[in-house]
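User: I am new to this structure and would like to go through it step by step. Please reason through each answer before you settle on it.

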Amino acid sequence: MKDKSFLRRWVFSVDHKVIGLQYLFTGFAFLVLGTLLSLLIRWQLGFPGKALIFMGHLAPNGMPGGVMLPDYYHMAFTMHATIMIFFAVIPILVGGFGNYLVPLMIGAEDMAFPRLNMASYWTYLASGLVMLYSFFTGTGAAKAGWFAYPPLSVVEPIGQTFWIISLMILAVSSLMGSINFITTILNLRAPGMTLFRMPLTVWAQFITAALLLMALPSLTVGVACLLLDRVAGTSFFMPAGLVIGGNTLERSGGNPLLWQHLFWFFGHPEVYIVIMPAMGIISDVISTFSRRPIFGYQGMVYALCAIAGLGFIVWGHHMFTSGMNPMLGTAFMMSTVVIAVPSAIKTFNWLGTMWRGNIRFKPPMLCAAGFISMFIIGGLTGIFSAVTPVDIYIHNTYFVIGHFHFMMVGGALFGIFAATYFWVPKMFGRLMNETLARIHIGITFVLFNLVFYPMFILGIAGEPRRLFDPSFYPGLAPLQPIRAFMSVCAILMFCAQGLFVFNLFWSIFKGKKASENPWESNTLEWTTTSPPPESNFEQVPTVYRGPYEYSQPDRGKDWFPQTEVTHG
Amino acid sequence: MLPKILSGWLLAPSVSSYGPAIDHLYNLVLLITAVVFVLTEAALVYFCFRYRARPGQKVSPSHGSTRAEIIWTAIPAAILVVLGIMSQSLWAKLRQPSRFPEEAMVVRVMAEQWLWHFKYNGPEGEIEVQNDFHIPVGKPVRFELTSQDVIHGFYIPALRVNQDAVPGLTSSVWVQADKTGQYELRCTQFCGTNHYQMKGQLTVESQEEFQAWLKSAKAAAF
């Protein structure tokens, strides 16, 4: 195995660990790009009309002289969301950590279909490149929002077509990936690794894969119809009598709400696809560092299943004010309030795990504590939007942006940080610097709240989303100091991530050597060397117990690896 | 700016007949979530402090408690279902066209990139105005919304009205303003380049003033 060429080993590899790292670092690159786009948004909102000289050179059409035009702002928020969701967070959590960890945690040598795994990564990269290329078309990338509501998305310039094609390619990648995950978890578990002995990280990846498999086709069908509406003159989403920009369109028979149903049938499970892997990771981190069995393991699994199942019947809450039949509003409201219950169970069980534990505040645990505190805020603010009459007031306002960023950044991103601090020692055999990590997590936590908490206040003041310059409304102009404050904090928060990036790369090459099991954790990946050999384990491990047997009585140590043989 | 951290959660007063009912529900949700927020975050902080790693600390080996899990499943479920039922009755009153006030005056709204057209039925035919529109105080008004190009959002925060204007579809909302004054109409659905400028201005005035305005608007239209 040692004689593999560099290309075969690190580029065209079929090893799930290498593919996982490829996903991880590609995802991180997109994460940086998505964040930069969000800073452009914040620049415009905080300091409307102020020039960013270097942007005048980079984007002379969208920001002549460095002053942003409305359509450039629209492109920034469209691509920020698209890149973050499709090309950063899911690839990092599922493609990256999922790929790397699932075979290790179930005691397998590799994924079930290694070549399919490789194809999945390269297809993802291809779709990412198509999305990136769309920035360089004459009229720029898509700018109809990541939700791409027709008729607007049908009449937008060419960037929207690239957006559609990129997502179609990505759907292929995702399909290959989710089939691979499901097959691997069902078929390749080590002897003794029953389903209810799997770590919650693996459970979460399993259910996420099932969600991706079932939700994404709805988007694929939707964008296929949208593409035909754009290039072939069909009318899936185009009603009769449209007059756009003075031109009468020869279309008839379509319905714009059909797109919204197709999109959100995918779009809402998508939200859980983003947060679920993080929920799994956080569960493992909390149990490991609290030195305490996870509270209600089976309940946690059933809660994940309940969220996944209910996640398919709540999509209409994105459409309470869309003009769909109000009777549907009632049904979707009831399913939406019910989906809050399994999320509440998970939160209480995390707290129950910390209760009467012996919590070691290592960096991953700090991230987990931050995750819980922000997940609570994200979850509770969701109730405002679920309750239909209240939603009438806050729908499409900043309140909603605040709500889901507490889930996406406070939740998913803190999950990514936790996973990085937790598993980098396994991936590279080096510990990350703890002091730098603590500073990074502390600063990020404080600044995150300073950026996103004010969004609730803006939303309750009735500030709609997606406004290039909210001060155009006299009623919203007095809130400008808040927007400027948020922008300053966002820029500082971005700078603070330098600590993370530096720590990551410095530790990979120069960090202190990590032992096999630096966190004294129970799960299988900690029984092999750091980093693991190409076939993961010297010999196939046998599993004797569940993953969370911490602090069991009558043992000399407070952990109990899943593979440890007991005598007598 | 600092005091806004908490006071920012209080809604500005509503001026529509059903606004107080919405605000009441909002305040109830705010109260419930505030209590849950304080309790859970306090538990988190307390556990972080109380159970921080110390040598010799006794750790519970328990894998959980079904009774505790049933309790913290049942209580949130009960609260949420009650909230759901409460909002259902209000939602039906606001949105079910069969329950709209029958005597409501009809205003047809046609949205286009990037302005609002309002059509009134006057005694001598139809009157159309743009962006700046009036309604009488204390009278139910039904807006029939549609669009001629892309989707727009018809949002008057002070009246607690928010409804998309979708091409090919007519959506109705009703409102009864209980206080005279001027209120902003904001577009809440992204509709292209000048979305942020798609501002309307509502004037709520007495029946007499409204009639006079209708007359002058008609005069201006011809």
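User: In which helix of chain B is Phe47(B) found?

Analyst: This is a predicted model, and chain B has a mean pLDDT of 93, with 98% of its residues reaching 70 or more. Within that chain, the helix that spans residues 19-50 takes in Phe47(B), and this helix is α2 of chain B.

User: Is Phe47(B) buried or exposed?

Analyst: A residue counts as buried if 20 or more other C-beta atoms lie within 10 Å of its own, and as exposed if there are 12 or fewer. Phe47(B) has 22 other C-beta atoms within 10 Å, so Phe47(B) is buried.

User: Which residues does Phe47(B) touch, leaving out those up to four places away in sequence?

Analyst: With residues up to four places away in sequence set aside, the contacts listed for Phe47(B) carry the letter of chain A. The residues that Phe47(B) touches are Leu351(A), Met354(A) and Trp355(A).

User: How far apart are the C-alpha atoms of Phe47(B) and Phe190(B)?

Analyst: Along the chain, Phe47(B) and Phe190(B) are 143 residues apart. In space, the separation between their C-alpha atoms is 44 Å.

User: Why does the end-to-end distance of helix α3 of chain B agree with what its number of residues suggests?

Analyst: Helix α3 of chain B covers residues 66-95, which gives 30 residues, and at 1.5 Å a residue these should span 44 Å. The end C-alpha atoms of this helix agree with that expectation, because their distance is 42 Å.

User: Against which elements do the buried residues of α3(B) pack?

Analyst: The buried residues of α3(B) include Trp72(B), Leu80(B), Leu83(B) and Trp91(B), and Glu69(B) and Arg95(B) are also among them. Their packing partners come from both chains: α2 of chain B, together with α10 (297-310), α11 (326-354) and α13 (388-394) of chain A.

User: What radius of gyration does chain B have, set beside that of a compact globule?

Analyst: Chain B has 4 helices and 10 strands, and its C-alpha trace spans about 90 × 35 × 35 Å along the principal axes. A compact globule of 222 residues would have a radius of gyration near 17 Å, but the value for chain B is 25 Å.

User: And what radius of gyration does chain A have?

Analyst: Chain A comes to 16 helices and 2 strands, and its C-alpha atoms fill a box of roughly 85 × 50 × 45 Å along the principal axes. For 568 residues a compact globule would have a radius of gyration near 24 Å, and chain A agrees with this because its own value is 24 Å.

User: What percentage of the residues in chain A are buried?

Analyst: In chain B, 36% of the 222 residues count as buried. For chain A, the share is taken over 568 residues, and buried residues make up 61%.

User: Which residues touch the most other members of the largest nonpolar core?

Analyst: The largest nonpolar core holds 237 residues, and its largest share, 23 residues, comes from helix α4 (residues 70-106) of chain A. Domain 1 (4-54 + 64-98) and domain 2 (105-221) of chain B both give residues to this core, so the core lies between them. The members that touch the most others are Ala368(A), Ala412(A) and Ala418(A).

User: What scores does the model have for ipTM and pTM?

Analyst: Two scores are given for the model, ipTM and pTM. The ipTM is 0.96 and the pTM is 0.96.

Key
Residues numbered from 1 in each chain as written. Chains lettered and ligands numbered in written order. Predicted model: local features only at pLDDT ≥ 70, side-chain atom pairs only at ≥ 80, totals over all residues. Core = buried A, V, L, I, M, F, W, Y, C linked by C-beta atoms within 7 Å. Domains from an automatic or database assignment. Contact = placed C-beta atoms within 7 Å. pLDDT = per-residue confidence, 0-100. Expected span 1.5 Å × (residues − 1). Rg over C-alpha atoms; globule rule 2.2 N^0.38 Å.
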